[in-house]
Amino acid sequence: MAASPVQRRPWIALVVGVLALAGVFGVLLWDGGRLLSSGSSSADEPYYNSTVDLEGSADLIVRGGFVDSREHSDRGWPEVTATLRVDAVAKGEVSVGDTVEVSYARPGSGPDAPDGLDPDGGEYVFLLVVWPEGGSSLVNTTQGFYRIEGGRAVAGEDNPVPLSSTVRQQLGLS
């Protein structure tokens, strides 16, 4: 005995609903053959897929190192506020010899904390967003800094985006 049209409709509606949800999630999570969340440390911060977008997002791009830093929870989460010395400038309204204050989540405190920044040593390229009220932050925790090793800017393992040759040249890097 054949199923009546009334009995088939719930299954058809279920199949159509599942396919529609799969399509919506596919559009939300897929961008030209690459998952949007790929490489990003957090869904709560921007992630840049190109050098132009990454460098364009920064108010300051500087080469330098840490002068000092302090850990605190003034805004309700574990944070580091550091003073950076400026050794070279590729973008922004700072000069060589200036210092810049930057705040970021304390490493190890959660997914929005940068991995690889060592306030006790090392030299970096910093890509910073300047706050209107003063201070700055990394453009994001994955792409906001490059460690300098052997005269080269080395990105973290979750950052496939290189710095442009123009920025590298302005910062005295190869």
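Buried means under 20% relative accessible area, exposed means over 50%, and partly exposed lies in between. The exercises below use these cut-offs on a predicted model.

**Exercise 1. Classify R75 and its salt-bridge partner E79 by accessibility.**

Solution.
Step 1. The relative accessibility of R75 is 41%, so R75 counts as partly exposed.
Step 2. For E79 the relative accessible area is 2%, which means that E79 is buried.
Step 3. The two residues form a salt bridge in which the closest N and O atoms are 2.2 Å apart.

**Exercise 2. Describe the overall make-up of the protein chain.**

Solution.
Step 1. Count the elements: the chain has three helices and nine strands.
Step 2. Put them in order from the N terminus: α-β-β-α-β-β-β-β-β-β-β-α.
Step 3. Look at burial: 34% of the 174 residues count as buried.
Step 4. Look at the surface: about 10200 Å² is exposed, and 56% of this comes from carbon and sulfur atoms.
Step 5. Look at contacts between residues at least 6 apart in sequence: 54% of them join residues at least 24 apart.

**Exercise 3. State how strands β3, β4 and β5 are paired.**

Solution.
Step 1. Strand β3 covers residues 60–72 and strand β4 covers residues 79–91; the two pair in the antiparallel sense over 11 bridges.
Step 2. One position in this pairing is V62, which stands opposite V89 in β4.
Step 3. Between β3 and β4 there are six residues, and the two strands form a hairpin. In the turn, G76 has a positive phi of about 95°.
Step 4. β4 also pairs with strand β5 (residues 99–105), again in the antiparallel sense, over seven bridges.
Step 5. Here V80 stands opposite Y104 in β5.

**Exercise 4. Find what surrounds E55, and decide whether E55 is buried or exposed.**

Solution.
Step 1. Locate the residue: E55 is in helix α2, which spans residues 51–57.
Step 2. Apply the cut-off: the relative accessible area of E55 is 12%, so E55 is buried.
Step 3. List the contacts, leaving aside neighbours within four places in sequence: I61, K91, L127, L163, S164 and V167.
Step 4. Take one of these, L163. L163 is 108 residues from E55 along the chain, yet their C-alpha atoms are separated by 7.6 Å.

**Exercise 5. Work out which residues make up the aromatic cluster that includes F66.**

Solution.
Step 1. A search of the whole structure gives four aromatic pairs.
Step 2. One of them is F66 with F126, with 5.9 Å from centre to centre and 85° between the planes. Planes over 60 degrees apart count as edge-to-face, so this pair is edge-to-face.
Step 3. F66 lies in strand β3 and F126 in strand β6 (residues 124–130), so the pair ties together parts that are 60 residues apart in sequence. Both F66 and F126 are buried.
Step 4. Y124 and F145 also form an edge-to-face pair, with centres 6.1 Å apart and planes at 75°.
Step 5. This pair links distant parts of the chain, since Y124 is in strand β6 and F145 is in strand β8 (residues 145–149), 21 residues apart. Y124 and F145 are buried as well.
Step 6. F66, Y124, F126 and F145 together form one aromatic cluster.

**Exercise 6. Place the salt bridges of R63 and D74 in the chain, and compare the accessibility class of each partner.**

Solution.
Step 1. Side chains of opposite charge can pair when their charged atoms come close.
Step 2. The whole structure holds five salt bridges. In one of them, R63 is joined to E123, and the closest N and O atoms are 2.9 Å apart.
Step 3. R63 lies in strand β3 and E123 in the loop between β5 and β6, so this salt bridge ties together parts that are 60 residues apart in sequence.
Step 4. With a relative accessible area of 15%, R63 is buried, while E123, at 22%, counts as partly exposed.
Step 5. D74 forms a salt bridge with R70, in which the closest N and O atoms are 3.4 Å apart.
Step 6. D74 has a relative accessible area of 57% and is therefore exposed. R70 has 44% and is therefore partly exposed.

Notes. Residues are numbered from 1 along each chain as its sequence is written. This is a predicted model: local features need pLDDT of at least 70, side-chain atom pairs count only at pLDDT 80 or more; totals for chains, interfaces and linings use all residues. Side-chain values use heavy atoms; hydrogens and water are left out. Helices (H or I, at least four residues) and strands (E, at least two) are DSSP runs, numbered from the N terminus. Buried means under 20% relative accessible area, exposed over 50%, partly exposed in between (1.4 Å probe, protein chains only). Contact means heavy atoms within 4.5 Å. Accessible areas come from the Shrake-Rupley method with a 1.4 Å probe; for residues, only the protein chains shown count as cover. Two strands pair if DSSP finds at least two bridges between them. Rings of Phe, Tyr and Trp (its six-membered ring) pair if their centres lie within 6.5 Å; planes under 30 degrees apart count as stacked, over 60 as edge-to-face and the rest as tilted. A salt bridge is a side-chain nitrogen of Lys or Arg within 4 Å of a carboxyl oxygen of Asp or Glu.
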